[in-house]
Number of protein chains: 2
Amino acid sequence: MQRFEGLDMHRKKNGSARLGRLCTDHGVIDTPVFMPVGTQATVKACPPDRLKELGVSIFLCNSYHLHLRPGVKVIRGAGGLHRFTSWDRALLTDSGGYQVFSLAGLTRISDEGVAFRSHIDGSYHFFTPTGSIRLQQDLGADIIMAFDQCVGYPATPHQERIAAERSLRWAQECKNAFNSQRRQMLFGIVQGGMQEDLRSESAKRLSDMEFDGYAIGGLSVGEPKPVMYEMIEATVPHLPSQKPRYLMGVGSPDCVLEAVGRGVDMFDCVMPTRNARNASLLTLQGRLNIRREEFTYDFSPLDPECGCYTCRNFSRAYLRHLFKADEILGAELATIHNIYFMLELMGKIRQAIRLGSFIEFSKEFLARWENQ
Amino acid sequence: MQRFEGLDMHRKKNGSARLGRLCTDHGVIDTPVFMPVGTQATVKACPPDRLKELGVSIFLCNSYHLHLRPGVKVIRGAGGLHRFTSWDRALLTDSGGYQVFSLAGLTRISDEGVAFRSHIDGSYHFFTPTGSIRLQQDLGADIIMAFDQCVGYPATPHQERIAAERSLRWAQECKNAFNSQRRQMLFGIVQGGMQEDLRSESAKRLSDMEFDGYAIGGLSVGEPKPVMYEMIEATVPHLPSQKPRYLMGVGSPDCVLEAVGRGVDMFDCVMPTRNARNASLLTLQGRLNIRREEFTYDFSPLDPECGCYTCRNFSRAYLRHLFKADEILGAELATIHNIYFMLELMGKIRQAIRLGSFIEFSKEFLARWENQ
């Protein structure tokens, strides 16, 4: 079954940016798409009906967190992640690989998998490629991810090669373990550190395994942005054009634009929601910290150009008050705004591609954003 | 102008319970009514559009808190509390008296007013009856309260007498300071500790001052419930029947029923919202702590009889997970449920009064509630 349709159009004016439609059992996703992160089966500070109003078509949950709490037995008992969360649109789970390396304690890695201790209670766990796929198939998201090894930055070329090779072997194990009857899509993940050759080679070899989609992992881990863009350029041309391309963990507006221009279709990032809870709000002029003194008597909306619930109803002074007074409402209103901002941006990007003006749109946006 | 209409009906079957309609510039309030508390200009963990969906017709803000943060200058600058909070239904502010005695440090009371230090930053403040009225008129709520002195429990008869006398003098000062052009209503507050005679006398003397409504203050401060009911009985008959009666700080379902049966029209309490944030949820069978182990695999709704957003969409297992994982969504979903529960209860109370079955309804409810 053909579940993704990618449409290159106006190549001269759009660069490699493309429109796409990804069909899931829980709705169609227009790409390029931004996916908010719902780590523990909830997008923090934003109820699901609000996410729907915002137009969110898919969000991401972390297998590592769900495995530890509440545990897959609970979610399977509920009838899967959609019913557990009361979310009838699409969901994606990651494989747990990234969190095992970034959050867990006493990690021990071998070719079989990764042994680690829970960051919550220190309990012992062992993740394998096959185990991660079984876990994710039980969780029941529409899109699930291969289990990979992510190296940090900086890493030696040797470390990057080891991790890339292991990720390719594990990708094949995941593919073998995957039961395609369950109507989920399995995405492979390209690793390769900061080496262009290794990225290109990994992309080619992964493409041969015929996944439902391809993610670019191990980026936005501390490297300079130009390096990240080079790695994307070294990867995308070697991925099949008729499959979606997903840049993992990337979501700042400038990086999204740069990556869309290089042919990426999907993004996820905690930035908009995490920043929101820290009073950092996205506007077309850049980030704005609403706790600042200067907003005490500022009765204008957060962003006069924005049409979100927060900007239509509340002033900067009120938002500042909520944050200063540690009120939960501050987190929710800020989260609504930041998600809305990202979805608006993605809508504008899709519209620009449709009209053949993506390169122009991107230049203008970045000029405004970077001159904040 | 007649702003309140109280309707005694089916006296034999309703006791002193009565229906009423209180007209404000921000909508009509059907009584008996429960008012959620929005201490710092927000009902904690519940956005205003959600409050509207729930059917909240009025909520209460605390002058003491707003005076300290963000300060009246900010709220006046915003155009008043309604515009600051983006709430176009009715609002009530208390006078600050209760918080000064319960929260502030180094309180020094005299006939002129109360000197205290902020619980936030230790800064020095002085509240007087006239000052409190000016503050509340600037805040701009639909209903504002006289500044009174609340004694704790237990207190000596002498202390109770002193406070009651002072509260009566201050009530007159508040009345004198009140500018009735501003289309607000000013309510007096009956004190008198736990002495029936003193309560009756205070009610009579306060009634002579002709307030727009009458509150019963200084109850639910630690006394046994039967004592509170006696104090209500000693007060209500001496208040004018054509004015609303408001029992301050009371809001547990059993106390609300007992007080409605004794002729009270209005209630406020932090209990439903505060309990919600502590995972304590209201059901017809009593309170339920959703963190309990037994709910781990309980995929039924919190309360199968409830029609709120939370109960229509989420399971006990999911709510338990949210609380165990410290997710903000847990607080919001629980708050929605508890407010809905209280408003449903008030709706059932009004319906029972209308049908002449309040005494019967009350008995049945209390039997269920107390046998939890």
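Domain bounds here come from an automatic or database domain assignment. The model is predicted, and the exercises below walk through its domains, backbone, core and symmetry.

**Exercise 1. Domains of chain A**

Find how chain A is divided into domains, and describe the side of domain 1 of chain A that touches domain 2 of chain A.

*Solution.* Start with the bounds: domain 1 of chain A covers 4-268, and domain 2 covers 270-372. Next, take the centres over C-alpha atoms; those of the two domains of chain A are 26 Å apart. Then list who takes part in the contact: 29 residues from domain 1 of chain A and 28 residues from domain 2 of chain A. On the domain 1 side, at least two residues each come from α1 (11-14), β2 (18-24), β4 (33-35), α2 (48-54) and α11 (253-260) of chain A. With four residues, α11(A) gives the largest share of that side. Finally, sort the domain 1 side by class, which yields 16 nonpolar, seven polar and six charged residues.

**Exercise 2. Backbone angles that stand out**

Locate the cis peptide bonds before A:Pro70 and A:Pro154, then examine phi at A:His10 and B:Ala41.

*Solution.* Recall the background: most residues other than glycine have a negative phi, and most peptide bonds are trans. Now go through the cases one at a time.

- Omega is near 10 degrees for the cis bond from A:Arg69 to A:Pro70. A:Pro70 sits in the loop joining α3 (63-68) and α4 (72-78) of chain A.
- From A:Tyr153 to A:Pro154 the bond is also cis, with omega near -5 degrees. Here the loop runs between β10 (143-145) and α8 (157-177) of chain A.
- A:His10, not a glycine, has a positive phi of about 50 degrees. Its loop lies between β1 (4-8) and α1 of chain A.
- B:Ala41 has a phi near 70 degrees, again positive in a residue other than glycine. The loop in question connects β4 (33-35) and α2 (48-54) of chain B.

Are A:His10 and B:Ala41 buried, partly exposed or exposed? A residue is buried at 20 or more other C-beta atoms within 10 Å and exposed at 12 or fewer. A:His10 has 17 C-beta neighbours inside 10 Å, so A:His10 counts as partly exposed. B:Ala41 has 27 other C-beta atoms within 10 Å and is therefore buried.

**Exercise 3. The nonpolar core**

Identify the residues that touch the most other members of the largest nonpolar core, and trace the contacts of B:Leu247.

*Solution.* The largest nonpolar core has 246 residues, and those touching the most other members are A:Phe187, A:Leu247, B:Phe187 and B:Leu247. Now set aside the neighbours of B:Leu247 within four places in sequence; its contacts are then B:Ile216, B:Leu219, B:Ile232, B:Ala259, B:Val264 and B:Phe267.

**Exercise 4. Two chains and their axis**

Work out how chain A is laid on chain B, and describe the contact between the chains.

*Solution.* First superpose: a turn of 180 degrees with a shift of 0.0 Å along the axis lays chain A on chain B at an RMSD of 0.0 Å. The two copies are therefore related as by a two-fold rotation axis. Within chain A, A:Ile328 comes closest to that axis, at 3.8 Å (C-alpha). The same surface serves both copies, with 100% of the contact residues of chain A recurring in chain B.

Now turn to the contact itself, which takes 30 residues from chain A and 30 residues from chain B. On the chain A side, α4, α14 (316-324) and α15 (328-355) each supply at least two residues. The largest share, five residues, is from α14(A). By class, the chain A side divides into 17 nonpolar, eight polar and five charged residues.

Definitions and conventions
Residues are numbered from 1 along each chain as its sequence is written. Chains are lettered from A and ligands numbered from 1 in the order in which they are written. This is a predicted model: local features need pLDDT of at least 70, side-chain atom pairs count only at pLDDT 80 or more; totals for chains, interfaces and linings use all residues. Two residues are in contact if their C-beta atoms, placed from the backbone, lie within 7 Å. Ala, Val, Leu, Ile, Met, Phe, Trp, Tyr, Cys and Pro count as nonpolar, Asp, Glu, Lys and Arg as charged, and the others, Gly among them, as polar. A nonpolar core is a set of buried Ala, Val, Leu, Ile, Met, Phe, Trp, Tyr and Cys residues joined through C-beta atoms within 7 Å. Copies are superposed by least squares on the C-alpha atoms of residues with pLDDT of at least 70 in both.
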